[in-house]
Amino acid sequence: GATGQGSTVDRLVPTELYPATEEVRGVSVGLHATFVMMANGRVYTMGRNTVGALGVSESLTTCDSSHKCEFFPRQVPNLPTNIVEISTGEGHSIARSSDGAVLSTGDNSFNQLGMESCGSGTTTCFGFLAVPLLQGIRIKHVTAGSNWALALQEILEPPSFDPPGGTYAKMGVRVVHAEKAATMRYVLELYGVLAGAP
């Protein structure tokens, strides 16, 4: 059902899904889900929705024995019109808006949605919800994997630091890209290489 063509049959040749009159801004394809972001802000989804990865209410159509699917594109409700990025994992999805807000939906068995529960005390969310821990933090990029999600924070002020000494020789690094410098500093602090590490 992830191709939006109305069945679970594999498609070996690309087939048009939307009329050429609608402009597509982006597409995200995961293991069992596909999202299409339109230029007008609407987001459509199709694929397996057994644990809510599509961000829509529970699907009624059964596919692949016990799984629930959306065979045709279905508009995702309650998403802001400024979604610029969606990434899907095995049973969950994470979305980012142009202003850096992050929303997630689907299976939360490993807390991969960034929240303890979906409001009803369950570990499954059938609809995108704002990630509480990231509210007020400007996120630059999101990605999801099997049972995890990652959000990269935008850092406006590039850090300056000297790289640590190597075991056999002094390491030397010249970082030109501000975002890479911020990421490198975070990773070094995370592993206790730089002073002031947690």
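**Close-up views of a predicted model**

Read along the sequence, the protein chain goes β-β-β-β-β-β-β-β-β-β-β-α. Keep in mind that this is a predicted model.

**View 1. The whole chain, for orientation.** Counting up the secondary structure of the protein chain gives one helix and eleven strands. The chain has 198 residues, and 35% of them are buried. It exposes about 11600 Å², with carbon and sulfur atoms supplying 54% of that area. As for contacts with a separation of 6 or more, 45% come from residues 24 or more positions apart.

**View 2. An open sheet of five strands.** Follow the strands across and you get the order S1-S2-S3-S5-S4, with antiparallel pairing. The edges belong to strand S1 (24–29) and strand S4 (61–63), each of which pairs on one side only. On average, neighbouring strands of this sheet are turned by 25° against each other, direction ignored.

**View 3. Zooming in on S2 and S3.** Strand S2 covers residues 33–38 and strand S3 covers residues 43–48. The two run antiparallel and are joined by five bridges. For a handy landmark, pick Val36, which sits opposite Tyr44 in S3.

**View 4. A nonpolar patch made by Val24, Val27 and Val29.** These three valines make a nonpolar surface patch of about 260 Å². Val24 is found in strand S1, which is one of the edge strands of the open sheet. With a relative accessible area of 37%, Val24 is partly exposed. Residues need over 30% to join a patch, so Val24 qualifies on that count at 37%.

**View 5. The salt bridge between Arg74 and Glu70.** Side chains of opposite charge can pair when their charged atoms come close. A search of the whole structure turns up two salt bridges, and this view shows the one where the side chains of Arg74 and Glu70 meet at 2.7 Å, N to O. How do the partners fare on accessibility, buried or exposed? Arg74 is partly exposed, at 27% relative accessible area, whereas Glu70 counts as buried at 12%. The cut-off for buried is under 20%, so Glu70 falls below it and Arg74 does not.

**View 6. The salt bridge between Glu85 and Arg96.** Here the side chains of Glu85 and Arg96 meet, again at 2.7 Å from N to O. Glu85 belongs to strand S6 (residues 83–88) and Arg96 to strand S7 (residues 92–97), so the pair ties together parts that are eleven residues apart in sequence. Glu85 is buried, with a relative accessible area of 13%. Arg96 also counts as buried, at 13% relative accessibility.

**View 7. The hairpin of S7 and S8.** Stay with S7 and move on to its hairpin with S8, where four residues lie between the two strands. In the turn, Gly100 has a positive phi of about 90°. Five bridges join these antiparallel strands, and His92 stands opposite Gly106 in S8.

**View 8. Strand S8 and its pairing with S9.** What is the burial state of strand S8 (residues 102–107)? Six of its six residues are buried, so the strand is largely enclosed by the rest of the structure. S8 is joined by four bridges to strand S9 (residues 124–130), and these two run antiparallel. Look for Gly106 once more: its bridge partner in S9 is Cys125, while His92 stands opposite Gly106 in the pairing of S7 with S8.

Key:
Residues numbered from 1 in each chain as written. Predicted model: local features only at pLDDT ≥ 70, side-chain atom pairs only at ≥ 80, totals over all residues. Heavy atoms only, no water. Pairing = 2+ DSSP bridges. Axes fitted to C-alpha atoms, helices over the stretch in contact; angles between N-to-C directions. Salt bridge = Lys/Arg side-chain N within 4 Å of Asp/Glu carboxyl O. Buried < 20%, exposed > 50% of the residue type's maximum accessible area, 1.4 Å probe, protein only. Patch = residues over 30% accessible without salt bridge, like charges linked within 9 Å, V, L, I, M, F, W, Y side chains within 5 Å. Areas by Shrake-Rupley, 256 points an atom, 1.4 Å probe, with all protein chains shown as cover. Contact = heavy atoms within 4.5 Å.
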